[in-house]
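Let's take a walk through this one together. Have the model open and follow along as we go.

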Amino acid sequence: VHLTRVQLAWLTVGVLGLGSGCVSTRVPPVAGPEAIPIDLDEQELWEDSAKFDEYMSDRKYVYEDEALQQYVQSVAERLLPHMGESDVETTARILKDPFRNAICLPNGSVYLHSGILASLENEAQLATLLGHELSHYLRRHSLKEKRSAENRRTVANVFLGTLVVIAALGGDPAAAISLGHDANSAMESLLDHQVNGYSQDLEREADKLGFQAMVAAGYDPREAPRIFRVLMAEREAQVPEPYYYGSHPRVEERLRSYEKRLSKIKGTLAYREPGRVGKADYEEHIAELLLRNAELNLRLARVDFAREEVARYLEIAPQNADGHFFQGQVYRKHSRSPQDLALAVDSYERAVALRPEDAASRRELGLLYRSLDRHLEAKAQLDAYLEIKPEAIDRPIIESYISTLDLE
Amino acid sequence: MISRKNPLQTSRLADRRYLYPRPLAVIAILLIIGGSPTWADDDYQPLKIPAESFLNRVKVIAMEPFTVPVDVVLSGELRIKLEQILLEELENRGYQVLPSIEFDSRWQRYSEQIGGVYDPQTGIRDEEKYGIVWDFTTRELQNRFHAQAVADPNIFYRELTLYPRFGDLVNIIWKIAGNTAVQWSGSPLTERPSYVNGAWVGMGIYDAERAKLYSVGVPLGYVAVYALRGRELLPAERLLDPLDHYREVVAVVVKDLPQHSIAQSPQ
């Protein structure tokens, strides 16, 4: 390649620009004295995070359950001493979102979707998830990714910009325009990387640190890969989900990574004498969330998810009338077979038996009996409904139904 | 307990803001709150659940009456024709379709029994009453006809403005105009319009929970053009006469619906 002096000068400017325009992606972890001076670009990340926190709480996206929130927070705080220094603060919140995801903002705010909590089986799996997410925070992955993107952008800008100038100076305007277009495409793809999560290197670093922390905190390491098998379980004929933990290929990557980490500690005391799983504690805390998340899933027509969640709820709380009523609703409204309707009847009957004064259960059971031509039973339940709730808006309709029942 | 000083207290961001792009908050908020893609999005997916699930769940669809904007005058005969074309397209895809009279007669009856769904003074919908009427109506259609879903066909307007700009406006307007230039007094409009009012044929399909299973809007044509030189209003009825174009649009409305391999009778 023969360059003129002018072209050579531009190329030199470009190379110098590469050196001066890049910022270091080797940043210290959050814990530790090196973390105290915070650069402006990280301050911006924190400011954005604070806005995000405010946005979420303002719009009531946060799932309000003080006991559950404190429980999740306590698991996070149990991990932190094993991830660096113990004087780092984090806040865990739960969002009302049935899609499975978890994020950790650059300021340490952790957001867990109700959908992912409903999918996890025990506290050890929760610790795995939190360990992974907190690692992103403690290792300042957002800042690294931002700087890395900035640097790549700078490289792309300077490199392509220089070539554009060279092409233009070389008397090839078409090539210059084409290169300019490529530069724009590079910008778009860089932003796309930010949307789709961290690079594989950073994800692996989070796997490593998170896994070490959950083992050191006394959790059963064998639960770590299990969380990803749970998330990969196919439901609803592979429903596409918009977020990281609902993405099959990326969850599969995490599964392999954690299986590798687990295999490395085989033979150690931590593997031979596994620690805490925390199934009972976990289920006690998420029981109510299972029902609320099932409602959210129904609004999105994710009936299989809702069925599984309500079934799990009833395993945890078999004597709860709400659970039986909700199960009746799911099977009645989305019946696919006569067996579904039979199950709906059974669920409503249990709800009524557990809470005879519940008007809604009486109404649903009565209407279902009516549709199954069980008129005498229908009348008994619908009468009871009107007696419990005499001011019911649908009273005229129910009365007209009762009047047409065949009571012979 | 906190080992770091709060960066927000010492921020001089206002001075340096221009140096850095700040996509995080916007991107994160969009990621969290989700939001369905718009009709203008190339990735737009009318089907909201996997095709296999849709086929398992929906065989019989009850149709709601066709709704149109208030300024569109439809004769009863034309309304029936519009519905019939859609009904045939759905049947061609293997669904059994209940004409809107089945839904509408029940809806009207239940609504009357509880004293109406809309406040006669304000016209505001009472959500609780609406929910009750929907519940009884869909329950009856399920019991009697095994209808698992309800379709709400409609024609609606959408204003396409330059500000705020969304999507490829020029391309959208081109599509709405039937892949030709927008006309002004019978001639192609040479300037870019300020905004165009488009008429769409839309259809949502809902389950008993009112969860959306399918949702689509397909441009039918435009009914108003606003440009620097003034505005030109066109009666929406012209878009339905003759019905050939409407028929083509309806074919697009149903094209993403999964097809039942064999038309099956309800259970």
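**A hairpin, a helix and two cavities**

Start in chain B, where strand β7 (residues 212–227) runs antiparallel to strand β8 (residues 230–233), the two being paired over four bridges. Keep in mind that this is a predicted model. Getting from β7(B) to β8(B) takes a hairpin of two residues. If you want one rung of that ladder to look at, pick B:Val225, whose bridge partner in β8(B) is B:Glu232.

Now move back along chain B to helix α5, residues 100–113. How far apart should its ends be? With 14 residues at 1.5 Å a residue, the expected span is 20 Å, and the end C-alpha atoms are indeed 20 Å apart, so the two values agree.

Which residues of α5(B) are buried? They are B:Ser100, B:Phe103, B:Arg106, B:Trp107, B:Tyr110 and B:Ser111. These buried residues cover an arc of only 145 degrees around the axis, which means they sit on the same side of α5(B). Turn to the face pointing away from that buried side and you'll find the exposed residues B:Ile101 and B:Glu112. Carry on just past α5(B) and there's B:Gly115, with a positive phi of about 85 degrees.

Next, the empty spaces. There are two cavities of 30 Å³ or more in the structure. The largest holds about 90 Å³ of space. Its lining draws on both chains: A:Lys333 is part of it, and so are chain B residues including B:Thr138, B:Arg139, B:Gln148, B:Tyr206 and B:Asp207. Two elements of chain B, α6 (127–145) and β3 (149–161), each supply at least two of the lining residues. Of these contributions, the largest share is that of α6(B), with four residues. Sorted by class, the lining of the largest cavity comes out as six nonpolar, three polar and three charged residues.

The second largest cavity has about 60 Å³ of space. Twelve residues line it, and those nearest its centre are A:Pro106, A:Tyr137, A:Arg140, A:His141 and A:Ser142. In chain A, helices α5 (123–138) and α6 (141–169) each give at least two residues to this lining. Which element gives the most? That's α6(A), with three residues. By class, the lining of the second largest cavity has seven nonpolar, three polar and two charged residues.

Definitions and conventions: Residues are numbered from 1 along each chain as its sequence is written. Chains are lettered from A and ligands numbered from 1 in the order in which they are written. This is a predicted model: local features need pLDDT of at least 70, side-chain atom pairs count only at pLDDT 80 or more; totals for chains, interfaces and linings use all residues. Side-chain values use heavy atoms; hydrogens and water are left out. Two strands pair if DSSP finds at least two bridges between them. The expected span of a helix is 1.5 Å times one less than its number of residues. Buried means under 20% relative accessible area, exposed over 50%, partly exposed in between (1.4 Å probe, protein chains only). The arc is that of the directions from the helix axis to the C-beta atoms. On a 1 Å grid over the protein atoms alone, a cavity is a set of points where a 1.4 Å probe fits but cannot get out, and a pocket is an open set with protein on both sides within 12 Å along at least five of seven lines; lining residues have an atom within 4 Å of a point. Grid points are joined across faces, edges and corners, and a volume is the space filled by probe spheres set on the points. Ala, Val, Leu, Ile, Met, Phe, Trp, Tyr, Cys and Pro count as nonpolar, Asp, Glu, Lys and Arg as charged, and the others, Gly among them, as polar.
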